[in-house]
Amino acid sequence: LKIVVEKPSIPVSYGPAFEGERVRKEDTFIEFGGQKTPAFEWVRMMDVAEVEDEKVEIIGTDWRNRYEQGGRMPLGIIVKVAGKKMQKDFEPVIERQIHTFINEAEGLWHIGQRDINWIRISKKAKQAGISLEHLGLIIMSMTKARFKSIVDRVEVLLYVDEKDILTLREEARQEYRRRDLRLARLTDEEVDKFYSCLLCQSFAPKHVCVITPERPGLCGAFTWLDAKAAYEIEPTGGNQPVEKGELIDPIYGRYSGVDEYVKKHSGGQIQTINLYSIMENPMTSCGCFECIVAVTPEANGVLIVNRGYSGMTPIGMKFSTIAGMIGGGVQTPGFMGVGVNYITSRKFLKGDGGIRRIVWMPKELKERIKESFQKVAEQEGVPELFQKIADETVCEDIECLIDYLTKVGHPALEMEPIIK
Ligand code: SF4
Ligand code: ZN
């Protein structure tokens, strides 16, 4: 995704260099949200006639004085956008960028999203002249600059009265729920195209991520909707449409169009891939996977280890060791880099037996995916699976793992051999 460098006219410096900068409590002039005051941020697609371009409006009583006093304020951010190429599906893609837009301003800090967002303005930024209008201006001008190929008009409304915010936040929450449901229901079968990501070819020249609704990019940065939006925004960029062609194998997830695409863009090195298998022609891995799935033959299943877990795994290797073996854009049956959200997809290793194969994950990863995992496990008819998956507090070696799996009656032990 090529970034157009344009800066909002604000009295502090602006750019990616400030993205990681924190604003500590003692340096904070004023904060919004963070579960301390009601807040939300919501990008809404509207008709052109409903959006007054480049307008920033603050709606609420006595807001100038309240801002000048510092401390805390409630804040509801509504970003109205319109454009010929705009689609409802792009709303969350733009909304997620509010985080970057605000963080790139020196002395401004943003975390969270939706109705759990949290914004701070530092004392220094306030002294430099940052006002509440500037906050809206940043969002307005950066949305226009970075999404100029899909957005023609942008208007930002900042609500600061609690009463308004509570009402609008309810509306926003309904919309968040609708979006989640839509993404959760989107299947690989119903869309007419997948998308590729070739961004990692800069260091893994043969690597192609094929991104589908049910299999996000392995770095976690691209869902199918993100890739689709990125393509609309930058048609010659790193995300390209992949025609599905003919569905050759629904269980393994093999499509003729995907094969053709991957063959061409791997320079002929990869002939075929299965989207839903780790054992048979799996997708290649670059180097920036969030997690590694690794076959654990003794347990007739797989373990998953996340980047950031530095301990030992029951296959006798740490994340860093396995990562060193599988990167670079080659197919390594038995090992595969994946994005965290693929683990709770209904297509997770469908060709190899699905989530029933998972025998071990670090505790922090388990906690992170718990809720969505539970839902999938119930749908798949294994509601007790989560408890049967071991973690490092149970074991870090294979003998102990097998004992544990036997004790709890893990379904992987009863499945057909994972290595054929
Ligand atoms: Fe793109 Fe895949 Fe690299 Fe992520 S890991 S940037 S999705 S090629
Ligand atoms: Zn990568």
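Is strand β1 (residues 28-33) mostly covered or mostly uncovered, and how many of its residues are buried? In this predicted model, β1 is mostly covered, and 6 of its 6 residues are buried. The strand has two partners. With strand β7 (residues 118-122), β1 runs antiparallel, and the two are joined by 5 bridges. One of the pairs in this ladder links F32 to its bridge partner I119 in β7. With strand β4 (residues 71-73), by contrast, β1 pairs in the parallel sense, over 3 bridges. Here E31 of β1 stands opposite R72 of β4.

A mixed sheet is formed by 4 strands. This sheet is open, and its strands follow the order β2-β5-β8-β3. Its edges are formed by β2 (39-45) and β3 (55-59), each of which pairs on one side only. On average, neighbouring strands of the sheet are turned by 15° against each other, with direction ignored. Edge strand β3 is joined to strand β8 (residues 153-159) by 5 bridges, and the two run parallel. Within this pairing, I58 has L158 of β8 as its bridge partner. Two helices pack on the sheet. Helix α2 (residues 91-103) touches β2 and β5 (75-82), and the direction of α2 makes about 140° with that of β2. Helix α4 (residues 132-146) touches β3, β5 and β8, and its direction makes about 155° with that of β8.

Strand β5 of this sheet contains K80. Is this lysine buried or exposed? The cut-off for a buried residue is a relative accessible area under 20%; K80 has a relative accessibility of 13% and therefore counts as buried. A polar atom of the K80 side chain lies 2.9 Å from the backbone oxygen of E50. E50 is also among the residues in contact with K80 once neighbours within four places in sequence are left aside. The others in that set are R44, M46, V51, R153, V154, E155 and L157.

A further open sheet consists of 3 strands in the order β10-β9-β11, with antiparallel pairing. The edge positions belong to β10 (209-211) and β11 (241-243), each pairing on one side only. Neighbouring strands are here turned by 40° against each other on average, direction ignored. Strand β9 (residues 193-197) and β11 run antiparallel and are joined by 3 bridges. F194 has V242 in β11 as its bridge partner. This sheet, too, has helices packed on it. Helix α6 (residues 224-233) touches β9, β10 and β11, and its direction makes about 80° with that of β9. Helix α7 (residues 256-265) also touches β9, β10 and β11, with its direction at about 130° to that of β11.

Which residues are the protein donors of the zinc ion (ligand 2)? The donor atoms are the SG atoms of C200, C286 and C288, which lie 2.0 to 2.1 Å from the ion. Along the chain, these donors follow the spacing C-x85-C-x1-C. Two of these cysteines fall into separate accessibility classes. C286 has a relative accessible area of 3% and is therefore buried. For C288 the value is 28%, so this residue is partly exposed.

Helix α8 (residues 319-326) has a buried side, and F319, I322 and I326 are buried there. Why do these residues lie on the same side of α8? They cover an arc of only 70° around the axis, which puts them on one and the same side of the helix. An α-helix has 3.6 residues a turn, so residues three or four places apart point the same way. The face of α8 turned away from the buried side carries the exposed residues S320 and G324. The elements covering the buried residues of α8 include β14 (291-296), β15 (301-306) and β16 (335-338). Just after α8, G328 takes a positive phi of about 85°.

Technical notes
Residues are numbered from 1 along each chain as its sequence is written. Chains are lettered from A and ligands numbered from 1 in the order in which they are written. Side-chain values use heavy atoms; hydrogens and water are left out. Buried means under 20% relative accessible area, exposed over 50%, partly exposed in between (1.4 Å probe, protein chains only). Two strands pair if DSSP finds at least two bridges between them. The arc is that of the directions from the helix axis to the C-beta atoms. Contact means heavy atoms within 4.5 Å. Donors are N, O and S atoms within 2.8 Å of the metal (3.2 Å for Na, K and Ca); water is not among the atoms, so sites may look incomplete. Axes are lines fitted to C-alpha atoms, for helices over the stretch in contact, and angles run from 0 to 180 degrees between N-to-C directions. A polar contact is a pair of N or O atoms within 3.5 Å; within protein, one must be able to donate a hydrogen and the other to accept it, and residues adjacent in sequence count only if both atoms are side-chain atoms.
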